[in-house]
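Colleague: I am new to this model and would like a close look at one part of it. Could you walk me through it?

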Amino acid sequence: MSRRSRRLLSLLAPTLLLLATTTVVDARILNIQNGGDPTSLDPHKLSGDWENRIAGDIFEGLVTENPQAEAIAGQAESWEISDDGLVYTFTLREGLVWSDGEPVTAGDFEFAFRRLMDPATAAEYAYLQYPIKNAEAINSGDNADIKSLGVRAIDARTLEITLERPTAYFLGALKHYTAYPLPEHLIEAQGDDWVKIENIVVNGPYKPVEWVPGSHVTTEKNPEFHAADSVSIEGAKFFTLEDQAAGLKRYRAGEFDILTSMPKDQYAWILENLPGQARVTPFAGLYYYAVNNNEPPFDDQRVRQALSMAIHRDIIGTDVLGTGEIPAYSWVPPGMAGYGDPETVDWATLSYAERIQEAQALLVDAGYGEGGKPLEVQLRYNTNDNHKRVAVAIAAMWKPLGVSVELYNTETKVHYDELSRGILQVARAGWLADYNDADNFLNLLKSDVEFNYGRYANEEFDRLVNAANASNDTSERAALLRQAERIALDESAAMPIYYYLSENVVSPAISGFEDNAFDIHRTRWLTLAE
Amino acid sequence: MLGYAFRRLLSTIPVLWIALTACFFILRLAPGGPFDGERPLPPAVRANLEAHYHLDQPLIQQYLRYLGDVLRGDLGPSFINQDFSVSEQIAIGLPYTLIVGGLAFVLATIVGVVAGIVGALYRNRLGDHVLALLILLGLVLPNFLIAPILQLVFGLQLDWLPVGGWGGGAVTHLVLPVTVLALPHVAHISRLMRGAMIEVLSSDFVRTARAKGLDRATIIRRHALKPALTPVVSYLGPAAGFLLTGSLVVETIFGLPGVGRYFINAALNRDYGMVLGTVVFYMVLILVLNLIVDLLYAWLDPRVRGR
């Protein structure tokens, strides 16, 4: 061996040594393809469903989700609601502790809610808890007295939450990660560093033990959890992997137990080759096109309705996307708590041929189409294969009406930046429910709301939604909301297209995975066959 | 030599500053910001977030603040992965990229050089044609096509190797990503090597060596290899820069935690801190690699040393 090659070897040796260290085989834990990289483990810094999957496994709120994602008692063992629906009094379970053995107290909840609303925390999702008294004023900086927030620890095990106004869905909103308690003792001591993997302390069924950004977060069972005895799976690995085709290959090779998304173009293949493993279920979410209600010609209700009628929704799920998305003729997806079947557009019962006929008549009436002015539409979507397929299909469906469509796509950030500034004619948008209530969707069309991209404005609509939210009577509330939905549909405020589906692929080795409309499946309810 | 290297490094500082400044302002000209998304934020929350990251201050003030941070060696916070600062993320991702990229670099160099020599020696014979065909394939097939094919064949059909993941750095987990990363470079290097070797083999000093009665192996090892390596070395600088900054495609398809996707993801997310941090990091890395290439030149070619 020459001197030079010896030198080369000595350079390579550390690398070779590193390669020689073999992997320690993990005890059978759950391997989940989780999509994006989590922003943080701090529940106040989250916004995505992939982050919720981890946060909800390591923290628990006053109430939590059962396998069907319904609210059940979590850290609170019981609660009372005052007759006027304004004051909720929670009693915590006895003997609750954080994963470091410190007690979980009502003070930890009080601390967490105050931190959530503190403008300095800049919590993206703080608005979800705006039903709490003074929350919005504190969060927007109008009220500097953070102690005036309607959350108060009466004693170590009693927490009192006072609301601004009766809010039917509030208990459901408490399942959300914005309502998790935080370890005050640790945050006081460590500041922002409390959330570092070596410091973090949690109160959920699992605790995080490893985080390699861009790769995975590993959790293991938290023996201090109040129901630790009933937790079967020893731990979970949440893998960052956004390439769905690669995810499916790794699933087939047994490297993943659950895929939280699938390549749509391989759905048929999965159905045939992995029977029973694709779990496609309606999801509480709406895919829609926003229409600019202020700009001619779209300020004409007839034009909006004609365009909406000409969308052949039945074939979008089956043929365009291939996963069988359910056509949407309502603004509120079906299955929202206490709402019953949503209202539907009055032309939903017509056949497609009849709809086209009526749409053509409406356009002619409005001065477009045959013999009238040409109708040109710019259709915006954020760059994505599925959005593109839908947009191309819909452009083709509008063609028989004499509409010429310009397809315009931009990356997500630009798309939403422009939409929120009202730069659009027709634009793709979507909404997934934050909480199980029709208001969550109707809110999108209120005149003073940011997310109302099409700037639809109707005073009566606003009045009905506000009145509904001030009402403490569930059926009266639903009736008011339905009236509002009726108005928005009659005026073609926007174009609902389909209801989202959750698309999981679940290994036959897993039991306890219940399909539900919120696509929340906490690991504590699952079991894994050896 | 040391003084030369130091002066070269020093001269990179203005380059870095100009690039950083241009990048800072161009980034802000791009429409959309880090907090635009599927779910628009209520104005109050948005204002809180912008205040938190000082985005509410005049641009020039933000720029000066950032420059000050960089001078202190702090690349600032990431807007998207909030639990880790930009420097921490690079420190975490870099070892993975260095291992995968470094191995790919070594593999590409060795295989490329050997294949090039073989090609030159068996010029226009069957072996050369077969090699040329393989090299052509390596050049024209993009890695986003090769990677899934290799996954399908070796991971699923043959079941020899894991389909993806880091797997604690086990050799089996590295084979596919390293191969995919190395392939196009193998192709490039072997072509450069073959061409240069053919040229050198027909030069006067090689003829002299042959006339002295040296055997072919010795001629190549002692006389032909070094001069023939010069074009390869000039390619190795950029190639190392490319490999050691990681690959978006390879890291995404194989689920590896390297730094390759930081830049693209950060740009798409308008994660200002992360984009600037990766720019600084990549620039320093590439400048250093170029310097190494220059020093290697001097070692390979005595004429450069004299200058």
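Colleague: To start with, how many helices and strands does chain B have, and which residues make the contact of helix 6 with helix 7 in that chain?

Modeller: Happy to help! This is a predicted model, in which local features need pLDDT of at least 70 and side-chain atom pairs count only at pLDDT 80 or more, while totals for chains, interfaces and linings use all residues. Residues are numbered from 1 along each chain as its sequence is written, with chains lettered from A and ligands numbered from 1 in the order in which they are written.

Chain B has 13 helices and zero strands; helices (H or I, at least four residues) and strands (E, at least two) are DSSP runs, numbered from the N terminus. The C-alpha trace of chain B spans about 85 × 55 × 30 Å along its principal axes. Of the 307 residues in chain B, 38% are buried, meaning that 20 or more other C-beta atoms, placed from the backbone, lie within 10 Å of a residue's own.

Now to your pair. Helix 6 of chain B covers residues 143-157 and helix 7 of chain B covers residues 171-201; their axes come within 10 Å and cross at roughly 145 degrees. Here axes are lines fitted to C-alpha atoms, for helices over the stretch in contact, and angles run from 0 to 180 degrees between N-to-C directions. The crossing of helix 6 and helix 7 of chain B is right-handed, that is, the near helix is turned clockwise from the far one by less than a right angle.

From helix 6 of chain B, the contact uses Asn143(B), Ile146(B), Ala147(B), Leu150(B), Gln151(B) and Phe154(B), and helix 7 of chain B brings Leu176(B), Thr179(B), Val180(B) and Leu183(B). Two residues are in contact if their C-beta atoms, placed from the backbone, lie within 7 Å. An α-helix has 3.6 residues a turn, so residues three or four places apart point the same way. By class, this contact has seven nonpolar, three polar and no charged residues (Ala, Val, Leu, Ile, Met, Phe, Trp, Tyr, Cys and Pro are nonpolar; Asp, Glu, Lys and Arg are charged; the others, Gly among them, are polar).

Both helices also matter to the view of the chain pair: 49 residues of chain B are in contact with 49 residues of chain A. Helix 6 and helix 7 are among the helices of chain B that each supply at least two residues of the side touching chain A. The largest share of that side, six residues, comes from helix 2 of chain B.

Key:
A residue is buried if 20 or more other C-beta atoms lie within 10 Å of its own, exposed if 12 or fewer, and partly exposed in between; C-beta atoms are placed from the backbone.
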